[in-house]
Amino acid sequence: MTGRSDGGVTTVDLGDLSAWLTARRWYGSKDRPLAAAVVDRVVPVAGGPEGKPVSLVVVRASYQVGPADRWLLVLGPGGPADLTVGRIDGIPVVDIADHPVLVLTLLHAMREGRSLDIGGGLQIEASGSAALSQALAVAADGDRRPAVRAMGVEQSNTSLVVTPPGAGAAPMSVKVIRRLEVGPNPDIELTGALTAAGQSGVPALVGTLTGPDAEALVVASAFVPDAEDAWRLAVDEAAGRAETGTAAGMAALGTLTAEVHEQLAAMLGTFAGDGETVGVADRLRTQAEQTIEVLAGQVAGAEAGAVIRGLVDRAVGELPDDGPVLQRVHGDFHLGQVLRGPAGNWWILDFEGEPARSIAERRQPSHPAKDVAGLLRSLDYARGAAVIEGANPSTAAAWADRARTAFLSGYGPNRLGSWLAVYELEKLLYEVRYEAANRPDWLPIPLAALGIHADPLIDRPDA
């Protein structure tokens, strides 16, 4: 339960953390009845506030049904007294989300490349880039402390922005990975490869803390200041509320996406997809039947079966006999993963892949068409969201067509062949099942793209 780099003994008084854990926004297992949440391991990191260490605390959560999982807390002294989680070595401690300055201790460990002994011959590995060293050196000059703030609302992780003092100091984004998973984190792998390749459209990786099983604990990367959310820009322009240049700018995003794919292939290799044609055909047919079953008895159910099966047969029938070349891809690419910088340039973020999938699944090579399909579907969702917010359906549809055409022209309209239709259809079938289960009011958006008429308000005028 304990680990000390100095060989000392840690006294931990945190008790059963079940109530505290389930109240966190980032806790992602709220749908599983929790049996207990107890401390599995404590790893002090020297150099915390008031000379007291910051502790990386791994909590093992066991459930009434199913396997246990592990969650990361970063606890240290200071912060509001009413948010105290417990005591370590007799000192009241709070979580990093409530006292963000604790992150500075972790950044210094990264800069120093300090390995942390956790017992049993195991270590936490720290690594940091020259950019991290430079930023923290600026911060140390004159003993000035960087500004630290939380980034938006906590979701599955805790993200912070660290801005070193001094003119020209580059801010950093620091992500504390809350749910620990064994295996190399795709975001570290892919962002690291793109950083090494010199890709300027992806925030550079500057530091990491990883566990003995390669699980990501803390990830630091460059932060894009004064950036705008591509999703919000798209919806506003699709609704006719503002001319943001988003549709026209999709050409540049398409070009950037193609560059990222080329660099990932060059840095991480390509793989022969010998079984992909048969595999994707079987996968599509299975998903088609699942989707038809979901729609049975609904307004669109009567016509859904024939339409969906026809689309699958057509898409599969146009696939080449030879398998494609596969590679590592973003894996969860949509407008929410894109920012526009002050100069109008695009940034692509969060290469973790689909959060519902395991690390092993997210690290599997795929076809670049998967990413392109995700972005194109996101453009259509921006159209649908604009209409839901009161936009003219014809105006929104025309915007979506312009944006789609621009993105494909920038990416290279003939690079993906018949694979784009297959991956776009697979994404559509997933969207239907997701919306039917979670957001029925949004279900007409993917149904309209399939050519199934469910709601004249949200349907595309040309559907």
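**Helix packing, a pocket and a cavity**

In this predicted model, Ala234, Glu237 and Ala238 of helix 5 are in contact with Thr395, Ala396 and Trp399 of helix 11. By class, the residues of this contact comprise four nonpolar, one polar and one charged. The two helices, of which helix 5 covers residues 230-238, pack with their axes 8 Å apart and at an angle of about 130°. Since oblique covers those angles that are neither under 35 degrees, nor over 145, nor from 65 to 115, helix 5 and helix 11 are therefore oblique to each other.

Helix 5 also packs against helix 10, again with the axes 8 Å apart, but here the angle is about 55°, and helix 5 and helix 10 are therefore likewise oblique to each other. The crossing in which helix 5 passes helix 10 is right-handed. On the side of helix 5 the contact involves Trp231, Ala234, Val235 and Ala238, which meet Ser378, Tyr381, Ala382, Arg383, Ala385 and Ala386 of helix 10. Sorted by class, this contact has eight nonpolar residues, one polar residue and one charged residue. Ala234 and Ala238 thus belong to the contact with helix 10, and both also take part in the contact with helix 11.

From helix 10, which spans residues 369-388, the path leads on to helix 12, which spans residues 419-438; the axes of these two helices come within 8 Å and cross at roughly 50°. Helix 10 and helix 12 are therefore oblique to each other, and helix 10 passes helix 12 in a right-handed crossing. Helix 10 contributes Ala369, Lys370, Val372, Ala373, Gly374, Leu376, Arg377 and Tyr381 to the contact, while helix 12 contributes Trp419, Leu420, Tyr423, Glu424, Lys427, Leu428, Glu431 and Glu435. The classes in this contact are nine nonpolar, one polar and six charged residues. Tyr381, listed here on the side of helix 10, is also among the residues of helix 10 that meet helix 5.

Several of these helices return in the second largest pocket, which holds about 400 Å³ of space. The pocket is lined by 18 residues, and those closest to its centre are Arg377, Arg404, Glu424, Leu428 and Ala449. Of these, Arg377, Glu424 and Leu428 also belong to the contact between helix 10 and helix 12. At least two residues of the lining come from each of helix 8 (301-317), helix 10, helix 11 (393-411), helix 12 and helix 13 (444-450). The lining residues divide into 10 nonpolar and eight charged, with no polar residue.

Enclosed space is a separate matter. Rolling a probe the size of a water molecule over the atoms reveals where empty space remains. The structure has one cavity of 30 Å³ or more, and the volume of the largest cavity is about 30 Å³. Its lining consists of Thr257, Val260, His261, His330, Phe333, Ile348, Phe351 and Asp371. Helix 6, which runs over residues 246-268, gives the most to this lining, with three residues. By class, the lining of the largest cavity has four nonpolar residues, three polar residues and one charged residue.

Note on methods: Residues are numbered from 1 along each chain as its sequence is written. This is a predicted model: local features need pLDDT of at least 70, side-chain atom pairs count only at pLDDT 80 or more; totals for chains, interfaces and linings use all residues. Side-chain values use heavy atoms; hydrogens and water are left out. On a 1 Å grid over the protein atoms alone, a cavity is a set of points where a 1.4 Å probe fits but cannot get out, and a pocket is an open set with protein on both sides within 12 Å along at least five of seven lines; lining residues have an atom within 4 Å of a point. Grid points are joined across faces, edges and corners, and a volume is the space filled by probe spheres set on the points. Helices (H or I, at least four residues) and strands (E, at least two) are DSSP runs, numbered from the N terminus. Ala, Val, Leu, Ile, Met, Phe, Trp, Tyr, Cys and Pro count as nonpolar, Asp, Glu, Lys and Arg as charged, and the others, Gly among them, as polar. Axes are lines fitted to C-alpha atoms, for helices over the stretch in contact, and angles run from 0 to 180 degrees between N-to-C directions. A crossing is left-handed if the near helix is turned anticlockwise from the far one by less than a right angle, and right-handed if clockwise. Contact means heavy atoms within 4.5 Å.
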